[in-house]
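Visitor: I would like a close look at the inside of this protein. Please take me through it step by step, and then show me what lies around it.

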Amino acid sequence: MSDDENNTSYVRKKTESVLHYGSLEEREKQRMANAGAQSNAAIKAGIAAGNINISGGETMEIEEESASQAERLAEFEKRKRARQIQVSTDDAEVKANLRQLAEPICLFGEGPADRRERLRKLLAEIGEDTVKRKIQEDAVIEKKREEENVTWYHEGPDSLKQARLWLAKYSLPRASRRLQNAREDKTVPTALRNARRQDLQKKLRSLSNECSQIGDNRPISFCQFSPNSKMLVTASWSGLCKLWTVPGCQPIRTLRGHSCNVGAIVFHPQATLGMDDAACCMASCAQDGSVKLWSLDSDEPIADIEGHEPYRVSRLAYHPSGRFLGTCCFDNSWRLWDLEAQEEVLHQEGHSKPVYDIAFQTDGALAATGGLDSFGRVWDLRTGRCIMFMDGHLKSILGIDFSPNGFLLATGSEDNTCKIWDLRQRQLLYTIPAHTNLVSKVKFQPGNGDYLLTASYDNTAKVWAYPLWSPLKTLAGHEGKVMGVDISPDLHYIASASYDRTFKLWAPDL
């Protein structure tokens with residue numbers, strides 16, 4: 001480097017400041033115009049030099065967005081929506097929301113954070129308000145169901161009013177006598193009462209098969225003793241009902257009138273005691289909805305009760321007074337018929353499925369019904385109200401019966417159990433794991449109710465002791481399902497009817 005270069009000095013040129021008055025708009029427009037002219041001149045120069053090619057009207061189409069790009073965009077949008085959705089941090093609430101959406105509440109190896117993220121993704125797909133709408137819809141449906149379940153009343157005919165008054169006058173004196181007998185029984189020394197009970201249980205443990213008879217060429221569905229214990233009537237799926245002597249099991253008469261399966265046949269409470277044999281001594285029901293009334297001196301029905309067709313009538317029972325007849329219909333109702341007035345006085349609804357069995361309390365004040373909806377109901381015939389709702393069975397109730405003491409009630413069910421209910425406390429008292437198949441019939445001992453008899457499709461009938469409900473005896477001998485049982489009013493015999501087309505009489509050996 002030379003000394004001259006080292007001595008070089010730089011002088012800063014001082015620019016002159018320009019002061020403008022007024023608007024710069026005109027000057028800016030002029031500057032833009034000059035820039036545009038220079039740009040146009042540059043483009044023309046580029047075209048002239050061949051550096052810029054101009055097509056002669058040719059066009060090129062822009063390639064459409066591929067499917068994968070669309071999917072990626074949709075995924076980005078979904079994630080964006082998911083990030084904006086607020087999901088509860090409470091794991092129980094997250095599970096409840098998943099349940100509302102009919103999704104599994106837990107997957108294998110899934111933790112609360114993963115579950116929360118899965119809910120967030122679901123809500124992003126179907127919408128954040130879906131759970132709220134689902135909850136609101138369920139609330140509306142539940143409210144509607146509650147409104148439908150409200151008990152309602154309507155004005156009945158004058159005949160029903162007169163029947164209720166008559167039932168009240170009939171039942172109150174009988175209830176008073178029953179309570180008086182209970183007070184007198186309470187005065188009996190405990191030792192004597194226990195001795196009597198032990199003697200009865202000893203006889204029951206010695207029960208054996210005394211007579212067996214082929215009753216029909218089709219299964220026998222029902223059997224019942226006459227009030228004087230001298231006859232037994234059976235009902236069959238062949239449509240025939242037959243009368244038999246007791247204990248000889250010899251045929252007396254064949255009742256012909258039904259054309260299909262007969263569900264039950266019952267005696268009038270005063271038949272064979274002081275009632276004329278030509279009167280209405282029996283009633284039967286069948287699958288086609290027919291109900292027929294029979295006398296003891298004819299094999300043809302003396303009357304028909306119409307009004308159930310085309311629905312099946314499964315069971316029927318006489319009121320203790322004999323004036324009324326209760327029928328169970330498969331239209332989810334049961335009926336009360338006044339046989340003296342020859343009319344229907346009550347058509348009672350209340351079950352959500354067919355009513356299968358009915359029983360009357362010994363006083364005549366109450367009726368109990370069991371339905372295929374697995375529920376039982378106790379009705380006050382004097383007021384028409386349901387005074388007890390029996391909720392406990394898991395399947396259909398097929399048998400129901402009142403104890404002679406007036407406050408115990410037994411139900412047999414398709415869930416293989418027999419339950420004991422207390423009307424005083426209005427609650428379940430005891431559950432008997434009775435059989436290995438459905439319980440088809442239950443029957444308390446007439447008069448005292450010191451034991452309970454159950455029949456089952458496991459081909460057996462069993463005797464249970466009151467009040468501990470311990471098993472006393474298993475009546476095994478049928479080759480098919482036991483479809484019905486009964487205890488004679490004189491307490492000497494037990495009858496069982498079976499699917500194997502036979503009926504048997506059981507008696508103690510003592």
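Guide: The protein chain exposes about 29000 Å². Carbon and sulfur atoms supply 49% of that area. Keep in mind that this is a predicted model. Of the chain's 510 residues, 43% count as buried. The chain has eight helices and 28 strands. Take its contacts with a separation of 6 or more: 48% of them link residues 24 or more positions apart.

Now go inside. The largest nonpolar core has 29 residues. Six of them touch the most other members: Ile265, Met282, Leu293, Leu316, Tyr318 and Leu325. Which strands feed this core with at least two residues each? They are β3 (231–236), β4 (240–245), β6 (262–267), β7 (282–286), β8 (291–294) and β10 (313–318). Strand β6 gives the most, with five residues.

Pick out Leu293 and look at its surroundings. Set aside its neighbours within four places in sequence. Leu293 is then in contact with Cys280, Met282 and Ala283. Its contacts also include Pro301, Ile302, Ala303 and Ile305. Tyr318, Leu325 and Leu339 are on the list too. Met282, Tyr318 and Leu325 have already appeared among the residues that touch the most other core members.

Apart from the largest core lies another, of 16 residues. Among them are Ala317, Cys328, Ile358 and Phe360.

Strand β10 brings us to a polar residue. Ser314 is found in this strand. Is Ser314 buried or exposed? It is buried, because its relative accessible area is 0%, and buried means under 20%. A polar atom of the Ser314 side chain lies 3.3 Å from the backbone oxygen of Val355. Leave out residues up to four places away in sequence, and Ser314 touches Gly263, Ala264, Cys285, Cys328, Phe330, Val355 and Tyr356. Cys328 is one of the members of the 16-residue core.

Cysteines raise a further point. How many disulfides does a search of the whole structure find? It finds zero. Cys260 shows one reason why. Its sulfur has its closest cysteine sulfur in Cys285, 9.9 Å away, so the two are too far apart for a bond. Cys260 is buried, at a relative accessible area of 17%. Cys386, at 31% relative accessibility, counts as partly exposed.

Two proline links sit in loops beside these strands. Val246 and Pro247 are joined by a cis peptide bond, with omega about 10°. Pro247 lies in the loop between β4 and β5 (251–256). Glu309 and Pro310 are also joined by a cis peptide bond, with omega about 5°. Pro310 lies in the loop between β9 (303–305) and β10.

Next, follow the chain to a loop after these strands. Ser374 is found between β15 (366–371) and β16 (375–380). It is not a glycine, yet its phi is positive, near 75°. Ser374 counts as buried, because its relative accessibility is 10%.

Arg501 also has a positive phi, about 75°, although it is not a glycine. It lies in the loop between β27 (494–498) and β28. Arg501 is partly exposed, with a relative accessible area of 40%.

Step into β28 (residues 502–508) and you reach Trp506. It counts as buried, at 4% relative accessibility. Trp506 and Ser208 are 298 residues apart in sequence. In space, their C-alpha atoms are 5.4 Å apart. Beyond its neighbours within four places in sequence, Trp506 is in contact with Leu207, Ser208, Asn209 and Glu210. Its contacts also include Leu475, Ala476 and Gly477. His492, Tyr493, Ile494 and Ser496 belong on the list as well. The side chains of Trp506 and Ser496 are joined by a polar contact of 3.0 Å.

Finish with a helix. In α4 (residues 91–100), Val94, Asn97 and Leu98 are buried. Down the axis of α4, its buried residues fall within an arc of 100°, so they line one face of the helix. The face turned away from that buried side carries the exposed residues Ala92 and Arg99. Asp90 caps the N-terminal end of α4. One of its side-chain oxygens lies 3.2 Å from the backbone nitrogen of Ala92. After α4 comes Ala102, with a positive phi near 60°.

Technical notes
Residues are numbered from 1 along each chain as its sequence is written. This is a predicted model: local features need pLDDT of at least 70, side-chain atom pairs count only at pLDDT 80 or more; totals for chains, interfaces and linings use all residues. Side-chain values use heavy atoms; hydrogens and water are left out. A nonpolar core is a set of buried Ala, Val, Leu, Ile, Met, Phe, Trp, Tyr and Cys residues joined through side-chain atoms within 4.5 Å. Buried means under 20% relative accessible area, exposed over 50%, partly exposed in between (1.4 Å probe, protein chains only). Helices (H or I, at least four residues) and strands (E, at least two) are DSSP runs, numbered from the N terminus. Contact means heavy atoms within 4.5 Å. A polar contact is a pair of N or O atoms within 3.5 Å; within protein, one must be able to donate a hydrogen and the other to accept it, and residues adjacent in sequence count only if both atoms are side-chain atoms. A disulfide is a pair of cysteine sulfur atoms within 2.5 Å. The arc is that of the directions from the helix axis to the C-beta atoms. Accessible areas come from the Shrake-Rupley method with a 1.4 Å probe; for residues, only the protein chains shown count as cover.
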